[in-house]
Structures are given as C-alpha cells and as structure tokens.
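Work through the exercises below with the sequence and the coordinates at hand. Try each task before reading its solution.

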Amino acid sequence: MAQLYAALKMKMGTWTYYSVTMKMSDVANEIKFAHEVSDNATIDQAIQRTINKSRAGKQIVDYLVQNPQRFFNSIVVAALDGNPTFRPVKISGEKQFEIIADMIPDTFGVLSFDDTLKTYALDGQHRLFAIKSLIDAKATEPPPPGFRDEQINVIFVVPSEDTTINEFFKSYRRLFSSLNRHAKPTDLNTNIIMDEDDRFAIVTRKLFSDCEFFKWDGNDESPRIDTDKTSENLNASSPSWSTLIGLYRMNITLLWDPAVQDQYGKYTTTNKLLQATPTDHEVETLYAYLDKIWDALLINLPDLQNPTANMRKAGADGSDAEFQDHLLFRPIGQTSVLAPISRLLLNDFDVSSDSDPEDFVKALKPLSSVNWNLQSSLWRDLLTIQDADGKWKMRNEERAKAVEIAVRAVQWLIGSVDLSEDQLEDLKHDWSYNLIMNEEDRDTREEETFSELLSLREEILNECYS
C-alpha cells in the first residue's frame with residue numbers, strides 16, 4: 001500500500017531530502033534499524049550494537065514518560081527502494097501567498113512511496129529505540145496519554161535514481177560520520193565501522209567480506225573480530241582473536257610502508273592521509289596489498305587459526321600441544337609486537353604493494369621460528385608475570401618499557417637488526433633488569449635465555465637470509 005507524507009523538499013550539498021511529520025506510532029512501526037534491512041552480518045550488527053540499550057531503554061524512556069515538555073530533534077532516515085515520488089503543491093493564484101510564491105517553488109508537496117519502501121535510521125537510533133520501547137505492546141512502562149499520536153519531524157534521505165545501492169551505502173556512511181562527528185565525538189569503533197574517508201577503516205571492513213580468516217556470516221559461532229569493544233583490549237575469556245580497533249591499528253602499521261612514510265611522514269591520528277578520501281582504485285590497490293600481508297602471516301603463523309579458547313590459557317607452557325598461552329592472541333602482542341615486527345621484515349626484504357605473494361611469505365618467514373608462548377624464556381617474567389596467588393597474567397607495571405625491550409629483542413633475534421657486542425650487552429642488561437623475578441636468579445636466567453636465542457638467531461639467519 002502506498003505511503004503518503006506531507007513534505008518539504010530541500011537540498012544541501014549533494015543531498016536531496018524531505019522533511020515530513022510522522023506520528024510516534026508510525027515511527028515505531030515503519031522505521032527500522034540498519035541490521036533489519038541489510039545483509040552484512042558483521043558490520044551492520046556492529047552498527048546495531050552502537051545503540052546503548054540501557055541508556056535508550058531507561059534514561060530516554062524515563063524522559064519521555066516523566067517530562068510533559070518532552071521534545072526530540074529530527075530523526076534522519078534512509079529511504080531505500082519505494083519508488084519515491086514528490087508532487088509539489090502549487091500556491092500560484094492564491095492571493096494571500098502571492099508575496100512568497102516566487103521564493104518557494106517546488107518546496108511544499110506530497111512525498112509518496114510504494115510498498116517496497118525500506119527505511120532505517122541514519123541518525124537518532126537511541127531516540128528511535130526509546131520510541132519503539134514505549135509503543136511496544138509488551139512494554140513494562142506505559143506511554144504517556146496521547147503519546148502514540150504525538151508527532152516528530154523525520155528527514156528522509158533518498159538516493160538519486162542513478163545511484164547504486166553500494167554507492168548510496170558509501171554516501172550514507174559518510175553522512176552518518178558527519179552527523180555524529182560534528183555533533184559530538186563518536187568512539188573509534190563506530191568511526192571504523194562508518195567512515196568512508198579513512199582508507200584504513202575501509203580496507204579493514206573489507207576484510208570481513210573478502211578474507212576467509214576474518215569473515216563472519218552471523219551464525220552462532222563467535223566472530224574472530226569483536227566489533228563491539230570500544231578499545232583494543234580483550235577479556236582473557238573472549239572468544240574473539242582481536243577487536244575491530246586492534247585490527248584497524250594493526251592494518252595501519254602493516255600498510256604504513258616506506259613509500260607512505262616518505263610522502264606523509266610518521267603515522268599520527270591527525271595525519272592528512274586519514275582525512276583524504278580515497279578513490280575506488282586506491283582502496284582496491286590498498287586492500288590487495290593488505291590481503292597479501294595477511295595471507296603471508298597466516299602461512300607463517302598457522303597458530304593464528306587455532307581456536308581462541310585454546311590459545312589464551314594463562315600459564316600454559318605448550319607441553320600440551322592443544323593449549324598455549326600465546327602472545328599473538330593478546331592485544332599487546334598483536335598491535336605492539338606482531339604488526340611493527342612484520343612491517344620491519346617487509347621493509348628489510350624490500351617488499352611493497354607490487355611484490356608477488358611469494359615475496360611476502362619469504363619476508364615474514366622469520367616469524368615462524370619465534371616461540372610465541374608466553375611461558376618461553378624470552379617473554380616469561382617480562383610480559384607475563386605471576387600474581388600473589390601464583391596465577392599468570394599480563395604485566396601492567398611499566399608495561400610500555402617491557403614491550404619496548406621485547407620488540408628490540410625480537411628485532412635482533414629475527415636478524416632484522418645487527419648489534420655490536422656492547423649493544424648486545426646493553427640489550428641483555430635491560431632485559432634481565434626488567435624481569436619481575438628474584439634478583440639472585442637473573443644472571444643465570446639471562447645467560448641461559450640469550451644462549452638459546454643466539455642459537456635460534458643463527459638458524460633464522462641461515463634459513464631465511466641465505
């Protein structure tokens with residue numbers, strides 16, 4: 001059945017949009033959330049999770065129920081399909097309007113859609129959630145008298161006839177980012193999900209649809225990447241390998257090669273490259289580059305594909321082949337160790353976006369010889385420590401210093417850095433000095449550990465650099 005709305009037609013920038021009046025009951029019944037009208041399980045469910053349901057379901061609902069002076073700003077809605085038609089109402093010939101007739105041509109009218117219309121909120125999801133919560137027949141809180149017939153302004157954003165759905169979603173994400181960023185800061189997780197100007201966010205999202213390792217079809221099995229967390233940190237019990245923010249930061253490090261650094265300098269969150277809207281060709285080229293990096297990492301580090309629950313067992317020493325306390329299943333190992341070390345190896349082997357896949361695999365091969373178990377001598381008591389109850393946990397005290405030493409040690413171990421005798425002694429001293437263990441045992445531990453690492457370094461040099 002056709003839907004008709006009295007509407008004002010407006011235009012700003014490239015957007016044509018319509019301002020209409022809707023009853024609260026119609027808003028609740030007709031406007032959907034993104035995940036209800038889109039097929040992208042990973043990203044659009046993540047968009048849905050940006051709704052703070054406790055806030056919308058309690059705080060905003062309480063405001064509507066308790067405040068007779070309640071007022072909402074407009075809800076911005078995407079109108080997909082529906083064959084929208086706008087028929088202007090002419091006011092020529094009406095004496096009382098003659099003075100303004102030339103000022104508002106084709107502005108007032110009727111906006112109609114057929115029954116294929118799909119609408120979902122671009123901006124105002126918390127308001128929409130609160131309205132739906134009150135109108136819901138199962139609502140525990142009854143709406144105020146007459147609330148169903150109260151009205152709210154809804155802005156329909158309609159794609160032009162020559163715009164494809166994919167192009168519209170790109171524009172929509174850009175609009176979402178603009179609406180929220182300029183109204184109030186959005187969290188990084190949301191920016192990664194929505195941003196159409198940040199090339200690193202775009203290729204990170206693309207991993208979900210094109211890379212088998214990251215792909216998730218929305219079934220009951222947990223996704224490899226947690227798109228809900230608003231930081232890179234994960235709970236030890238999380239079934240996910242990394243967070244969306246952690247993956248995004250890894251991807252930036254992996255892709256920030258010498259060519260990018262020569263042109264744009266070192267990475268900062270305000271670097272102009274992050275604000276420069278990429279062309280489709282640039283995105284495809286960058287993604288192909290990233291895809292080759294991740295393929296090579298997975299070939300050299302097959303443990304990454306193991307079940308997360310088996311790889312994040314605190315204190316597991318690897319004697320049971322099924323269980324490990326694996327550094328690369330910890331955020332600190334992913335963003336602070338794996339990504340920068342991988343970028344360094346790619347630089348050492350002069351691997352760039354144009355290189356063959358085999359070159360990526362060869363460059364990252366030294367990673368396969370490193371013992372990534374946190375109970376191995378290199379990491380134990382440096383990155384992972386025992387608490388008073390004898391339980392192993394990741395180090396918090398002076399963590400940044402410990403990570404810096406760990407990265408230096410790995411750089412030397414994999415042959416990326418050559419150290420003089422004095423420099424190696426400095427590394428040994430810094431490493432042993434920062435161990436959280438009995439001081440009287442440090443010298444013995446240092447000698448045993450670096451003797452083992454020296455032998456491993458020789459193997460890596462012979463196997464990977466000859």
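**Exercise 1. A strand pair**

In which sense do strand β1 (residues 3–12) and strand β5 (residues 108–113) pair, and over how many bridges?

Solution. The model is predicted, so keep that in mind throughout. Step one: the sense of the β1 and β5 pairing is antiparallel. Step two: the pair is joined over six bridges. Step three: fix the register. L8 stands opposite F108 in β5. Y5 has L111 of β5 as its bridge partner.

**Exercise 2. The hairpin**

Find what links β1 to strand β2 (residues 15–23), and describe the turn.

Solution. Start with the pairing. β1 and β2 are antiparallel, over six bridges. One partner pair is K11 with T16 in β2. Now the link: β1 and β2 make a hairpin, with two residues between them. In the turn, G13 has a positive phi of about 60 degrees.

**Exercise 3. The whole sheet**

Which order do the seven strands take, and is the sheet open or closed?

Solution. Read across the sheet: β4-β5-β1-β2-β7-β3-β6. The sheet is open, and its pairing is mixed. Next, check the edges. β4 (85–88) and β6 (118–123) each have a single partner strand, so one side of each lacks a neighbour in the sheet. From one strand to the next, the twist averages 40 degrees. Strands in a sheet pair through backbone hydrogen bonds, in parallel or antiparallel fashion.

Finally, add a helix. α5 (residues 125–135) lies across β3 (75–80), β6 and β7 (151–157). Helix α5 runs at about 125 degrees to β6.

**Exercise 4. The span of a helix**

Test helix α12 (residues 280–300) against its expected span, then list its buried residues and their packing partners.

Solution. Take 1.5 Å a residue. The 21 residues of α12 should then span 30 Å. The end C-alpha atoms of α12 are 30 Å apart, which agrees.

Now burial. The buried residues of α12 are V283, L286, Y287, Y289, L290, K292, I293, W294, A296, L297, L298 and N300. These buried residues pack against α8 (199–210), α9 (244–255), α14 (331–348) and α15 (357–363).

**Exercise 5. Two crossings of α12**

Classify how α12 meets α8, and then how α12 meets α14.

Solution. Take α8 first. The axes of α8 and α12 come within 10 Å and cross at roughly 60 degrees. α8 and α12 are therefore oblique to each other. The crossing of α8 past α12 is right-handed. On the α8 side, the contact is made by R199, F200, I202, V203, K206, L207 and D210. On the α12 side, E282, V283, E284, L286, Y287, L290 and W294 take part.

Now α14. The axes of α12 and α14 come within 12 Å and cross at roughly 105 degrees. That makes α12 roughly perpendicular to α14. Y289, I293 and L297 of α12 make the contact with L338, S342, R343 and L346 of α14.

**Exercise 6. A further helix pair**

At what angle do α14 and helix α16 (residues 399–413) pack, and how far apart are their axes?

Solution. The angle between α14 and α16 is about 30 degrees, and their axes are 11 Å apart. The crossing of α14 and α16 is right-handed. From α14 come I332, S336, V337, I341 and L344. They meet R399, V403, V407, V410 and Q411 in α16.

**Exercise 7. Two residues**

Is T308 buried or exposed? Is S242 buried or exposed?

Solution. Locate T308 first: helix α13 (residues 308–311) holds T308. The relative accessible area of T308 is 9%, under the 20% cut-off, so T308 is buried. Leaving out residues up to four places away in sequence, T308 touches S238, P239, S240, W241 and F329.

Turn to S242, in strand β9 (residues 242–243). S242 has a relative accessible area of 1%, so S242 is buried. With the same residues left out, S242 touches R224, I225, D226, L234, L247, M250 and Q334. S242 and K229 are 13 residues apart in sequence and 9.7 Å apart in space, C-alpha to C-alpha.

**Exercise 8. The chain overall**

How many helices and strands does the chain have, and what share of its residues is buried?

Solution. The count is 18 helices and 11 strands. Of the 466 residues, 48% are buried. For contacts between residues at least 6 apart in sequence, 66% join residues at least 24 apart.

Notes. Residues are numbered from 1 along each chain as its sequence is written. This is a predicted model: local features need pLDDT of at least 70, side-chain atom pairs count only at pLDDT 80 or more; totals for chains, interfaces and linings use all residues. Side-chain values use heavy atoms; hydrogens and water are left out. Two strands pair if DSSP finds at least two bridges between them. Helices (H or I, at least four residues) and strands (E, at least two) are DSSP runs, numbered from the N terminus. Axes are lines fitted to C-alpha atoms, for helices over the stretch in contact, and angles run from 0 to 180 degrees between N-to-C directions. Contact means heavy atoms within 4.5 Å. The expected span of a helix is 1.5 Å times one less than its number of residues. Buried means under 20% relative accessible area, exposed over 50%, partly exposed in between (1.4 Å probe, protein chains only). Angles under 35 degrees count as roughly parallel, over 145 as roughly antiparallel, 65 to 115 as roughly perpendicular and the rest as oblique. A crossing is left-handed if the near helix is turned anticlockwise from the far one by less than a right angle, and right-handed if clockwise.
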